[in-house]
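Grab a pencil and have the model open beside you. Here are a few short exercises, each with a worked solution.

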Amino acid sequence: MSGEDLSALSMLELFRAELAAQSQALTAGLLALERDPAAAIHLEACMRAAHSLKGAARIIDLAPAVHVAHEMEECLVAAQHGRVRLNRRHIDTLLGGIDLLAAIAAGTGEPEADTKGRIEAFAQTLRRASEEPD
């Protein structure tokens, strides 16, 4: 986003721009982690991207996005600390989290209960990814 004139954008539009930038970093990092799940440089980059998205969502009070980004960040921190070894289910779910964040930011008009259900399903799937054999 550097070098662009962002003065005319709303806070939500700024979040969407941040999401676009961080989504690229997350996607690239997650695809690299698919090949080497313990690569510290990619774990750090992905964790920082998720953390940045959580902060950006918090600034504009977009609680559903905060929740999704928090779950992503927690999974990546656990992997950094060796409590979790990322597998294909983690990567697929984290990539789905990027899509979920995009849907939340787009404001699809989905009922709040449906959005909450999608977020909870995402969080449960991410937590369960470690419990199932690869």
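**Exercise 1.** Which residues line the largest pocket?

*Solution.* Keep in mind that this is a predicted model. Start with the space itself: the largest pocket holds about 180 Å³. Now go round its wall, and you'll meet Pro64, Leu100, Ala103, Ile104, Gly107, Thr108, Gly109, Glu110, Glu112, Thr115 and Arg118. Next, sort them by type: four are nonpolar, four polar and three charged. Finally, look at the helices: H4 (88-106) and H5 (112-128) each give at least two residues to this lining.

**Exercise 2.** Take threonine 115 and decide: buried or exposed?

*Solution.* First, find threonine 115 in helix H5. Its relative accessible area is 14%, and buried means under 20%. So threonine 115 counts as buried. Then check what it touches: leaving out residues up to four places away in sequence, threonine 115 meets Pro64, Ile104 and Glu110.

**Exercise 3.** Which residues touch the most other members of the largest nonpolar core?

*Solution.* Begin with a rule of thumb: in soluble globular proteins, nonpolar side chains tend to be buried together. Here the largest nonpolar core has 37 residues, and Phe15, Leu26, Leu33, Val68, Met72, Leu76 and Leu86 touch the most other members. Helices H1 (11-35), H2 (40-59), H3 (63-80), H4 and H5 each supply at least two residues of this core, with H3 giving the largest share, ten residues. Now zoom in on leucine 33: setting aside neighbours within four places in sequence, leucine 33 contacts Ala39, His42, Leu43, Cys46, Leu76, Leu86 and Ile91.

Key: Residues are numbered from 1 along each chain as its sequence is written. This is a predicted model: local features need pLDDT of at least 70, side-chain atom pairs count only at pLDDT 80 or more; totals for chains, interfaces and linings use all residues. Side-chain values use heavy atoms; hydrogens and water are left out. On a 1 Å grid over the protein atoms alone, a cavity is a set of points where a 1.4 Å probe fits but cannot get out, and a pocket is an open set with protein on both sides within 12 Å along at least five of seven lines; lining residues have an atom within 4 Å of a point. Grid points are joined across faces, edges and corners, and a volume is the space filled by probe spheres set on the points. Helices (H or I, at least four residues) and strands (E, at least two) are DSSP runs, numbered from the N terminus. Ala, Val, Leu, Ile, Met, Phe, Trp, Tyr, Cys and Pro count as nonpolar, Asp, Glu, Lys and Arg as charged, and the others, Gly among them, as polar. A nonpolar core is a set of buried Ala, Val, Leu, Ile, Met, Phe, Trp, Tyr and Cys residues joined through side-chain atoms within 4.5 Å. Buried means under 20% relative accessible area, exposed over 50%, partly exposed in between (1.4 Å probe, protein chains only). Contact means heavy atoms within 4.5 Å.
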